[in-house]
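Here are some exercises to work through with the sequence and the model side by side. Try each one before you read its solution.

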Amino acid sequence: MPKAAAEKILGRAAGKSVAAGDIVWPDPDLVTVHDYYVKNFAAALDSLGVSRVFDPDRVLISTDHEPVAVTQDGANRQKLVREIAERYGINRFYDAGRGGLGHVFPIEDGLVWPGQLVLGYDTHVTNFGAVGSLGIALVVEISEVMATGTVWVKVPETVRVDLRGQLSRGVSIRDVAQKLISILSADQVDYAVVEFGGPGLAGIGIEGRMTLCNTPCELGAKSALVEVDDLALEYLRARIERPIEPLNSDPDCRYSFRSEVDLSEIVPQVAVPPMPDLAHDVGELIGKRIHHAFIGSCASGMLQDLRDAATTLKGKKVHPSVRMYVTPASQRIAAAAAREGLLEIFVEAGAMITAPGCGVCAGGRIGPLADGEVSINTGTRNDFGRLGSEHAEIYLASPMTVAASAVAGAISDPRELVEDMT
Amino acid sequence: MNWVYEGRCWKFADNLGIDSDIMPLRFALARETRPEVLREHVMEAIEPEFHRKVAPGDIIVAGKRFGQGNPHIYGFIGIHALGLGLVVESIPRGSYRNAINAGLPFLPRCPDVLAEVSEGDQLRVNFTTGEFSNVTRGSTRTYDPLDASLLEIIAAGGWEPTLRRKLNPTTEAM
């Protein structure tokens, strides 16, 4: 019977043929946990009387939510994370200043590959779908995986999204990702894997594919996958020595729902509080005064995002009433941004560069919002209270829209600035 | 374990929030896991004193996206502690897992079930077969039950007892 990629990946990990709806106990290839949850899973293992993790070589820990400890608690937590990583013999421990954001650098470092099953604590482990790896978030049940090496997983249905056409000037893949979750309904994607394919994919790099795979979970999707194509294979071969065997969906497999997006029709999107899927065309929000801007996160902190923002900011100044933060997602991205002169553009414009990782998006632990303030940023969520004050508003947009708005001091259409430059 | 629940229907709408309608957020923030505490606050935002009105065996019948929001388990611990069963049109994956983890028998996908019931109807639900009878109306429908492997977790009392048994079969058996 023809199968969807998610069924093939879970079937491989479960050692048998599976179909959507089955309950399986798969053997994961990688398990990821971030700095804030490490002490919780260690405490859970202690309470269960378990003294070791199922396989230390398949566990990855990243210190990304608070890489520069900004409180005494943060420093104590980092110390504890180091002790726990050592106690369990976890070699893939990326301490502060090493890898960066755990949903991004493992892809750059070749730890993520097609057909792989990754079980993670954090919701945005779905980014790994950019190279055909199925990332499933478990939250607290990650402790069961750490103790036993598995947990029950329901094999999801697959929703197929075909992309065609090319992005217009001043529009980025983030706009597509936001528009898509505003078009799809929660009922359509509930418990499903959202799979991207189609001819439009050829124009979207691996970083942009991470952005596509990042947002469907906000709507209740279990995960997201991008069809592995030549572009992905080339990216992977530069990073991975092991044989690469893509597990793409069979052409005649069954999808629970299909949708198509014409990239050329997408215009800049701004999601209004309090949900990321409340996306509007930027034109509806132009002129809304802002105080705070941020470029970064696992959705949009990649090199191309920094390029987009820098191109928009070049030779301009951040508005006097706006403070702006830029956080490269990984150490590698920070180094590349330095080589390309992007960091210089940000600094000269009056923006602040922060340590690689989640940046402001990790609950506003750095650069939070005060009462009555308005932020426009490229983070993942815009719930009230997400970045400090519950009486602050968060708008989500592409790096170009955020940068253009930071210059104007109000929500702006980046296409106007882009046209200025030509 | 008894898988057949017989009792009164408590009917609720779509989109009940896990941290608002089903259980006040403060219990999640406090990491309160005691069933005897949580049971007294189930649905209180919608139906004050709900815990005094229900009897074990009663059934909550709700619409789409039951327990939407951050995947917190506390509301499901409370429902389980009241001895109630749960029948919903749909349930997001975080809450689906948490209902199982709390040991709560439920039917996760019952399209249009709200049209099958009125508040106060007498219901009989078999959670292993998915047979759903409205005794008051004299109607019966069959929905997909949970997978047998998940029913085992529920029968064992939820996530933690199941995991402890799995990790240490001998001591847990003693």
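**Exercise 1.** Work out how many residues of helix H13 (residues 399-408) of chain A are buried.

*Solution.* Keep in mind that this is a predicted model. Begin with the cut-off: a residue is buried if 20 or more other C-beta atoms lie within 10 Å of its own. Next, go along the helix and note who passes: A:Pro399, A:Met400, A:Thr401, A:Val402, A:Ala403, A:Ala404, A:Ser405, A:Ala406, A:Val407 and A:Ala408. That is 10 of the 10 residues, so H13(A) is largely enclosed by the rest of the structure. Finally, look just past the helix: A:Gly409 follows H13(A) and has a positive phi, near 80 degrees.

**Exercise 2.** Find two residues that have a positive phi without being glycine, one in chain A and one in chain B, and decide for each whether it is buried, partly exposed or exposed.

*Solution.* In chain A, go to the loop between strand E6 (134-137) and H5, where A:Val139 is found. The phi of A:Val139 is near 55 degrees. Counting neighbours gives 18 C-beta atoms inside 10 Å, so A:Val139 is partly exposed. In chain B, turn to the loop between helix H2 (25-29) and helix H3 (35-38), which holds B:Arg31. Here phi is positive too, at about 55 degrees. B:Arg31 has 8 other C-beta atoms within 10 Å, and therefore counts as exposed.

**Exercise 3.** Describe how helix H2 (residues 35-48) and helix H3 (residues 72-87) of chain A pack.

*Solution.* Start with the geometry: the angle is about 55 degrees and the axes are 9 Å apart. Angles from 65 to 115 degrees would count as roughly perpendicular, and those under 35 as roughly parallel. H2(A) and H3(A) are therefore oblique to each other. Their crossing is left-handed. Now list the contact residues: H2(A) brings A:Asp35, A:Val38, A:Lys39 and A:Ala42, while H3(A) brings A:Arg77, A:Leu80, A:Val81 and A:Ile84. Sorted by class, they come to 5 nonpolar, no polar and 3 charged residues.

**Exercise 4.** Give the strand order of the open sheet of 4 strands in chain A, and name its edge strands.

*Solution.* Reading across the sheet, the order is E10-E9-E8-E11, and the pairing is parallel. The edges are strand E10 (223-226) and strand E11 (257-262), each of which pairs on one side only. From one strand to the next, the twist averages 20 degrees. Now zoom in on one pair: strand E8 (residues 158-164) and E11(A) run parallel and are joined by 6 bridges. Within this pair of strands, A:Asp162 stands opposite A:Glu260 of E11(A).

**Exercise 5.** Which two residues does a cis peptide bond join?

*Solution.* Look for an omega of about 0 degrees: the bond between A:Pro273 and A:Pro274 has it. To place A:Pro274, go to the loop between strand E12 (269-271) and strand E13 (279-281) of chain A.

**Exercise 6.** Characterise the contact between chains A and B, with a closer look at the side of chain A.

*Solution.* First count the participants: 16 residues come from chain A and 15 from chain B. On the chain A side, helix H5 (142-148) and helix H7 (186-189) are the elements that give two or more residues. H5(A) gives the most, with 3 residues. By class, the residues on the chain A side are 8 nonpolar, 3 polar and 5 charged.

How values were computed. Residues are numbered from 1 along each chain as its sequence is written. Chains are lettered from A and ligands numbered from 1 in the order in which they are written. This is a predicted model: local features need pLDDT of at least 70, side-chain atom pairs count only at pLDDT 80 or more; totals for chains, interfaces and linings use all residues. Two residues are in contact if their C-beta atoms, placed from the backbone, lie within 7 Å. Ala, Val, Leu, Ile, Met, Phe, Trp, Tyr, Cys and Pro count as nonpolar, Asp, Glu, Lys and Arg as charged, and the others, Gly among them, as polar. A residue is buried if 20 or more other C-beta atoms lie within 10 Å of its own, exposed if 12 or fewer, and partly exposed in between; C-beta atoms are placed from the backbone. Two strands pair if DSSP finds at least two bridges between them. Axes are lines fitted to C-alpha atoms, for helices over the stretch in contact, and angles run from 0 to 180 degrees between N-to-C directions. Angles under 35 degrees count as roughly parallel, over 145 as roughly antiparallel, 65 to 115 as roughly perpendicular and the rest as oblique. A crossing is left-handed if the near helix is turned anticlockwise from the far one by less than a right angle, and right-handed if clockwise.
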